[in-house]
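Colleague: I am new to reading protein structures, and I would like to go through this one slowly with you. Could you show it to me before I begin with my questions?

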Amino acid sequence: MNHIEDRINHLLGQMTLEEKIGQLNQPMIHGLPGLDLLRQGQAGSIINAFGALSGQGFDHLSSAEQCNALQRAALESRLGIPLLFGRDIIHGQRTVFPIPLAQAASFNPALVETINRIAAREASAVGIRWTFAPMLDIARDARWGRIAEGYGEDPYLVSRMAEAAVRGFQGDDVSQPDRLVACAKHYVGYGAAEGGRDYEQAEISEPTLRDVYLPPFRAAVAAGVGTVMSAFLDLNGVPATANRRLLTDVLRGEWGFDGFVVSDWESVGELVQHGVAEDRAHAAALALRAGVDMDMVSGAYQETLAGNLHRGLISRAEIDEAVRRILRIKFRAGIFERPFTDPERASRDILTHDARAFARQAARETMVLLKNEHHLLPLRDFRRILIAGPFVHATAELFGTWTMDGRAEDVTPLDRAFQDVAPSGVELWFAAAPDLALARAHYADAIVLLVGEHPARSGENANVSDLGLPPGQLEWITAMAAIGKPVVLVVFAGRPLAITRAVAQAQAVIYAWHPGIEGAAALAEILFGLAAPSGRLPVSMPRATGQAPLYYNRKPSGRPLIDDGPFRTRYVDTLTAPLFPFGYGLTYTRFTYSDLRLSSSRMRGALEVSALITNVGEQAGTEVVQLYVRDLVGSLTRPVRELKGFQRITLQPGEARRVMFTLREEDLAFTRADGSWGTEPGRFKVWIAPHCEAGLEGEFEL
Ligand code: BGC
């Protein structure tokens, strides 16, 4: 038995039942009365979040002093077990990076890793050692507000980002004081909430659960994630927080996860509302037995577990096991050795020059150029440019959801960012009001329209029934476009919006997401050509709200849309295809794909697939080269395409490079008709492609 397990056993041997249950309890603490609770060893962790809208406020900041004071009280308890401070550090702490959905658009796991490495350094400087991130929920329905917090619709892409995020937060050694324990959430299926309504139920078949929703969590576990959060939702009739099969048999039994599971906010107590528990005691017993080790905020564990034990509803061994898992992570996090945070760190480690520079880099890599008629962008040869729209004076509006520690005053405002990079001689006019904008538009040579969603319109429970732009914005775009000047549309959003009519009226469109603290600067650089856009869509962009749920890796159906026959799957009032497909994005140069090669027409264990990518434009550029497969015949129906690899490459004008992928047999495995996981022999298609609806096509056999 290793050193940590010895220390855990030693502690377990000394702990009273009350102290053990204390470790399973994660309260929120307001002020001094809470200190007694800590001195009695009745909390294992503190959640530093205050208020119901914790994701949207800036008023309750964490500080090293505050955490240290609470820690001191915990160390005064009989056994002196330190607290683990948790907080939602979702896309940066004080240095706010683009929202996770935007980060996914980079198709650059190294970028995600660095973002979270910086976030860990900043958050740990104010005493936090545990974050409730990354969110790994596959989201196929853009109405769901939390699509902003995850990495999009594709299990392969989300899995790669999951590993990167875990590495970024935890590093190789999570006991280093500038690291955070990560938490893979929300296990599992939460993104499939019916109708896009947060907290609602989902019905997901076992093969889809296994092949689509579980892989990112499995990847996070393989990357060593310390904790997992159980979701709010009712999945196939079993609330996720009471799902023993998923929390214990799959997560621990099949995948070997040895960290701890925390419930989502009050989700233990909510088992009563779900109607699977008689009362809070029953709820606590169900959750603990399912494999939820720590109760976030509901208090049900603390109130009822001792009674449950005496009534025989749970066993002493079950309590000990939960305590053991929590202590294991506390030991790994090094907080027994270093319970306090040096308050000096905050001034050294937060909002550094490097962090800001990286935030700008991240924003550059995440914006997606969707349209660029006649090379309108980058803006050249325009003397008077009107910059208009509701986002003209945006600061904190650029952050997006879940930014408790970002501050509006840190943001480089858009007008300043534009002034900083516009070539000399260019006049910039700004207008945040539609009537002023219209009056000026006649005298401008080009118009940049900044539209989109306020951050409060995405994130937890910020669901929409209409994926169009917020009220009034389309009218504004139409009025401006009618003037006849070239229009560049920039959309800030936490989700893929249905912007069909807006796109039709603009000559160029940049999808900027919520780009964070340096988003304005990155946007200005892209508009004026100091940087080229390189993001690609991590979600399908809908034409109409009614297309939701919308995702590229769907099943073919018996009547696929291969011709325009009347009885093919379709809508009578719009197309079935997305406005822009998954993986799509332009840049300021063009690439061609040629000469697809397969190392063999039969896969034996693995296969090399390659193609020649050439930059045929006039400037350097970055392309995200994507590998897709299709299993043509299976014992269960198989998706029309599945992403299996991607590479970001930068090529100089005229440069060509052979991009090589290794496809392994396990990449073709899926949940088969008999429930087992593996491959089936037969024919496969393979593509090397710029997005999911194009590419060079080949075929091989397994
Ligand atoms: C959210 C979680 C979050 C938790 C703690 C819940 O409402 O669903 O994602 O980590 O609150 O703030």
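Modeller: Please keep in mind from the start that this is a predicted model. A good place to begin is strand β25, where K685 has a bridge partner.

Colleague: Which residue in β25 is the bridge partner of K685?

Modeller: Strand β24 covers residues 683–689 and is joined to β25 by six bridges, the two strands running antiparallel. Within β25, the residue that partners K685 is E699.

Colleague: How many residues lie between β24 and β25 in their hairpin, and which residue in the turn has a positive phi?

Modeller: The two strands form a hairpin with six residues between them. In that turn, the residue with a positive phi, of about 115 degrees, is G695.

Colleague: Which strands stand at the edges of the open sheet that contains β24 and β25, and why is one side of each left without a neighbour?

Modeller: Four antiparallel strands make up this open sheet, and their order is β20-β19-β24-β25. An edge strand has a single partner, so one of its sides is left without a neighbour in the sheet, and the strands in that position are β20 (642–651) and β25 (696–701).

Colleague: What is the average twist from one strand to the next in that sheet?

Modeller: The order to follow is β20-β19-β24-β25. Going from one strand to the next, the twist averages 20 degrees.

Colleague: Which residue of β20 is the bridge partner of Q626?

Modeller: Strand β19, made of residues 621–631, runs antiparallel to β20, and nine bridges join them. The bridge partner of Q626 in β20 is F646.

Colleague: Which strands are at the edges of the sheet that contains β17, β18 and β21?

Modeller: This is an open sheet of three strands with antiparallel pairing, in the order β17-β18-β21. Six bridges join β17 to β18, which spans residues 606–615, and R597 stands opposite S610 in β18. Each edge strand has a single partner, so one side of each has no neighbour in the sheet, and these edge strands are β17 and β21 (656–664).

Colleague: How much of the ligand's accessible area does the protein cover?

Modeller: The ligand is surrounded by 13 residues, and the closest are D88, R146, K185, H186 and D264. Polar side-chain atoms lie by oxygen atoms of the ligand, at 2.6 Å for R146, at 2.7 Å for H186 and at 2.8 Å for E460. Of the 310 Å² of accessible area that the ligand has on its own, the part covered by the protein is 96%.

Colleague: How many residues of the shell around the ligand are nonpolar, and how many are polar or charged?

Modeller: When the shell is sorted by class, one residue is polar, five are charged, and the number of nonpolar ones is seven.

Modeller: There is also an aromatic pair to look at, formed by F418 and F528.

Colleague: How many residues apart are F418 and F528 along the chain?

Modeller: The whole structure holds 19 aromatic pairs, and F418 with F528 is an edge-to-face one, with 6.4 Å from centre to centre and 85 degrees between the planes. F418 belongs to helix α17 (residues 414–421), whereas F528 is in the loop between α21 (519–527) and β17 (591–598), so the pair links distant parts of the chain, the separation being 110 residues.

Colleague: Where is P378 found, and what is the omega of the cis peptide bond that joins L377 to P378?

Modeller: P378 is in the loop between β11 (368–372) and β12 (384–388). The cis bond joining L377 and P378 has an omega of about -10 degrees.

Terms used. Residues numbered from 1 in each chain as written. Predicted model: local features only at pLDDT ≥ 70, side-chain atom pairs only at ≥ 80, totals over all residues. Heavy atoms only, no water. Pairing = 2+ DSSP bridges. Axes fitted to C-alpha atoms, helices over the stretch in contact; angles between N-to-C directions. Near = heavy atom within 4 Å. Polar contact = N/O pair within 3.5 Å; in protein donor to acceptor, adjacent residues only side chain to side chain. Areas by Shrake-Rupley, 256 points an atom, 1.4 Å probe, with all protein chains shown as cover. Nonpolar A, V, L, I, M, F, W, Y, C, P; charged D, E, K, R; others polar. Phe/Tyr/Trp six-rings, centres within 6.5 Å; stacked < 30°, edge-to-face > 60°.
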